Amino acid sequence: MKKNKISKNWINKQNRDIYVRDSRDQGYRSRSAFKLIEIDQRFHFLSKSRTLLDLGSVPGSWSQVASKKIKGGKILSVDIKEMLPISNTIFLKGDFTKLETQNKIKKFFNTRIDTVVSDMASNTTGNKELDSLKTGNLCLNTIEFSRKILKTNAYFVSKIFMGAIFNEIQIRAKEIFKEVLIFKPKSSRKESKEIYIFCRNLRISND
Ligand SMILES: C[S@@+](CC[C@H](N)C(=O)[O-])C[C@H]1O[C@@H](n2cnc3c(N)ncnc32)[C@H](O)[C@@H]1O
């Protein structure tokens, strides 16, 4: 297929997509906002959080959702790419997998926090198994970091792409958290292998 035909198809698909239209109408930077809104409608955790870390935040729709729900708390958004400012939210530019970034995050909060949400996804290669593995490793990394920064009664959400690494993620999550649930929001495209893992309450913590 020619390049301009592919982009015309993409534009048509976007225009037909109700979540794209709703995100434009409601001022969200991307349709991803509705994924976090749905996860919150199911598990009711945002309004119970006062401190939240949003990993892989760009363009910023999850942070916009969090910022509407969390007033008078602390929200830190982190991404490798630059993010335009969002009220009520501090942005840190950095690679989450780097120790330097993780130390800056710990320093920013300076205490254990209520919630970690991660929509991080590594650049897609077209090889679905490899993409699942790379994003799965980001999720595993986030779980390990979360046990060091989350309070005992805390919430954790992360994107995963279904694939061979899924079982390893579930096993590790169940070792760390008391409750581990898998959720596919309606706003996550059916054809996508994307799902979300929601975890509540630390089983163990490690200072
Ligand atoms: C699907 S987008 C997130 C969309 C966002 N939740 C929103 O609602 O606007 C995934 C993001 O993860 C970021 N990302 C990927 N690897 C990362 C890493 N190692 N550290 C920080 N951000 C990363 C990418 O730069 C990208 O912006």
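1. Let me start with the term that matters most here: a salt bridge is a side-chain nitrogen of Lys or Arg within 4 Å of a carboxyl oxygen of Asp or Glu. By that rule, the count comes to 13 salt bridges. Please keep in mind that this is a predicted model, where local features need pLDDT of at least 70 and side-chain atom pairs count only at pLDDT 80 or more, while totals for chains, interfaces and linings use all residues. Residues are numbered from 1 along each chain as its sequence is written, and side-chain values use heavy atoms, with hydrogens and water left out.

2. A nice pair to look at is Asp17 and Arg31, a salt bridge whose closest N and O atoms are 3.0 Å apart. The two partners lie 14 residues apart and link distant parts of the chain: Asp17 is in the loop between helix H1 (3-16) and helix H2 (18-25), and Arg31 in the loop between H2 and helix H3 (33-43). Helices (H or I, at least four residues) and strands (E, at least two) are DSSP runs, numbered from the N terminus. Asp17 counts as buried at 9% relative accessibility, and Arg31 is buried at 13%. Here buried means under 20% relative accessible area, exposed over 50%, and partly exposed in between (1.4 Å probe, protein chains only).

3. Next, have a look at Lys151 and Asp114, with closest N and O atoms 2.8 Å apart in their salt bridge. This pair joins strand S5 (residues 150-161), which holds Lys151, to strand S4 (residues 113-118), which holds Asp114, across 37 residues. Lys151 is partly exposed at 35%, whereas Asp114 is buried at 9%.

4. Arg172 and Glu144 also form a salt bridge, at 2.6 Å between the closest N and O atoms. Arg172 sits in helix H7 (residues 166-176) and Glu144 in helix H6 (residues 128-149), 28 residues apart. Both are partly exposed: Arg172 has a relative accessible area of 22%, and Glu144 one of 25%. Elsewhere, salt bridges that share partners join Lys35, Asp119, Lys159 and Glu194 into one network.

5. Now to the rings. Those of Phe, Tyr and Trp (its six-membered ring) pair if their centres lie within 6.5 Å; planes under 30 degrees apart count as stacked, over 60 as edge-to-face and the rest as tilted. The count comes to 11 aromatic pairs. Tyr28 and Phe34 form an edge-to-face pair, 5.8 Å centre to centre with 85° between the planes. Tyr28 is buried at 11%, and Phe34 is buried at 9%. One aromatic cluster is formed by Phe43, Phe45, Tyr155, Phe183 and Phe198.
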